[in-house]
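Reader: Hello! I would love a close look at one part of this model, with its surroundings explained step by step.

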Amino acid sequence: MRFLDAVSSLLAHLRLSKYSPATVDNYSDQLKRFGAWLTREALLDLRQITKAHIDTYQRHVRSEAISVETQALRLRAVKRLFEHLTAGGQLVFNPAEHVIELRRADRL
């Protein structure tokens, strides 16, 4: 399964679900970053992504000099992508299912 096809499908779903254009743009931007990481890791088919790959990406995001909110947004976009693919029957297993999302209240 090609990454760009999966992202296009998710973004279309978000638009149809009446997500704000800003939210759709944010997801698109964060998923482009994930796509660049996948390319560097030579992971060209989303069906080959495992929990270990997601853990590695999570460590990569957490090592970046960005805010906690931006880190959470990057991981949330990836989690939503795999939830979308699993719900649509395009993937059997969601490798990002274990990712715990940070919420603003959790920071207090």
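Which residue follows H2, and what is its phi? Please go on from there to H2 itself and what its buried residues pack against.

Author: Happy to help! Keep in mind that this is a predicted model. Ala 42 follows H2, and its phi is positive, near 60°.

Now for the helix itself. H2 covers residues 21-40, 20 residues in total, and its first and last C-alpha atoms are 29 Å apart, close to the 28 Å expected at 1.5 Å a residue. Its buried residues are Val 24, Tyr 27, Ser 28, Gln 30, Leu 31, Phe 34, Gly 35, Trp 37 and Leu 38. A general point about helices helps in reading such a list: an α-helix has 3.6 residues a turn, so residues three or four places apart point the same way. The buried residues of H2 pack against three helices, namely H1 (3-16), H3 (51-63) and H4 (68-87).

Let us take a polar example. Gln 30 sits in H2 and has a relative accessible area of 5%; because buried means under 20%, Gln 30 counts as buried. Leaving out residues up to four places away in sequence, Gln 30 touches Tyr 57, Leu 73, Arg 74 and Ala 77.

Phe 34 brings us to the aromatic rings. The model has five aromatic pairs. One of them joins Phe 34 and Tyr 57 edge-to-face, with 4.8 Å from centre to centre and 70° between the planes. This pair links distant parts of the chain, as Phe 34 belongs to H2 and Tyr 57 to H3, 23 residues apart. Both Phe 34 and Tyr 57 are buried. Ring pairs also build a cluster out of Phe 3, Phe 34, Trp 37, Tyr 57 and Phe 82.

Phe 34 appears again in the largest nonpolar core, which has 28 residues; Phe 34, Leu 46, Leu 81 and Phe 82 have the most contacts inside it. H1, H2, H3 and H4 are the elements that each give two or more residues to this core. As for Leu 46, its contacts beyond four places in sequence include Leu 38, Leu 81, Phe 82 and Leu 85.

Next come the partners of H2, beginning with H4. With 20 residues at 1.5 Å a residue, H4 should span 28 Å, and its end C-alpha atoms are indeed 28 Å apart. Among its buried residues are Leu 73, Arg 74, Ala 77, Leu 81 and Phe 82. The buried residues of H4 pack against H1, H2 and H3. Just after H4, Gly 89 also has a positive phi, of about 75°.

H1 meets H4 at an angle of about 90°, with the axes 10 Å apart. The two helices, H1 and H4, are therefore roughly perpendicular to each other. Their contact is made by Phe 3, Ala 6, Val 7, Ser 9, Leu 10 and His 13 from H1, with Ala 77, Arg 80, Leu 81, His 84 and Leu 85 from H4.

Leu 10 is a good place to finish. This residue of H1 is buried, with 2% relative accessibility. Beyond its neighbours within four places in sequence, Leu 10 is in contact with Tyr 27, Leu 31, Ala 77, Arg 80, Leu 81 and His 84. Tyr 27 and Leu 31 are among the buried residues of H2, which brings us back to the helix you asked about. Leu 10 and Phe 82 lie 72 residues apart along the chain, with 9.2 Å between their C-alpha atoms.

Notes: Residues numbered from 1 in each chain as written. Predicted model: local features only at pLDDT ≥ 70, side-chain atom pairs only at ≥ 80, totals over all residues. Heavy atoms only, no water. Helix = DSSP H or I, 4+ residues; strand = E, 2+ residues; numbered from the N terminus. Expected span 1.5 Å × (residues − 1). Buried < 20%, exposed > 50% of the residue type's maximum accessible area, 1.4 Å probe, protein only. Contact = heavy atoms within 4.5 Å. Phe/Tyr/Trp six-rings, centres within 6.5 Å; stacked < 30°, edge-to-face > 60°. Core = buried A, V, L, I, M, F, W, Y, C linked by side-chain atoms within 4.5 Å. Axes fitted to C-alpha atoms, helices over the stretch in contact; angles between N-to-C directions. Parallel < 35°, antiparallel > 145°, perpendicular 65-115°, else oblique.
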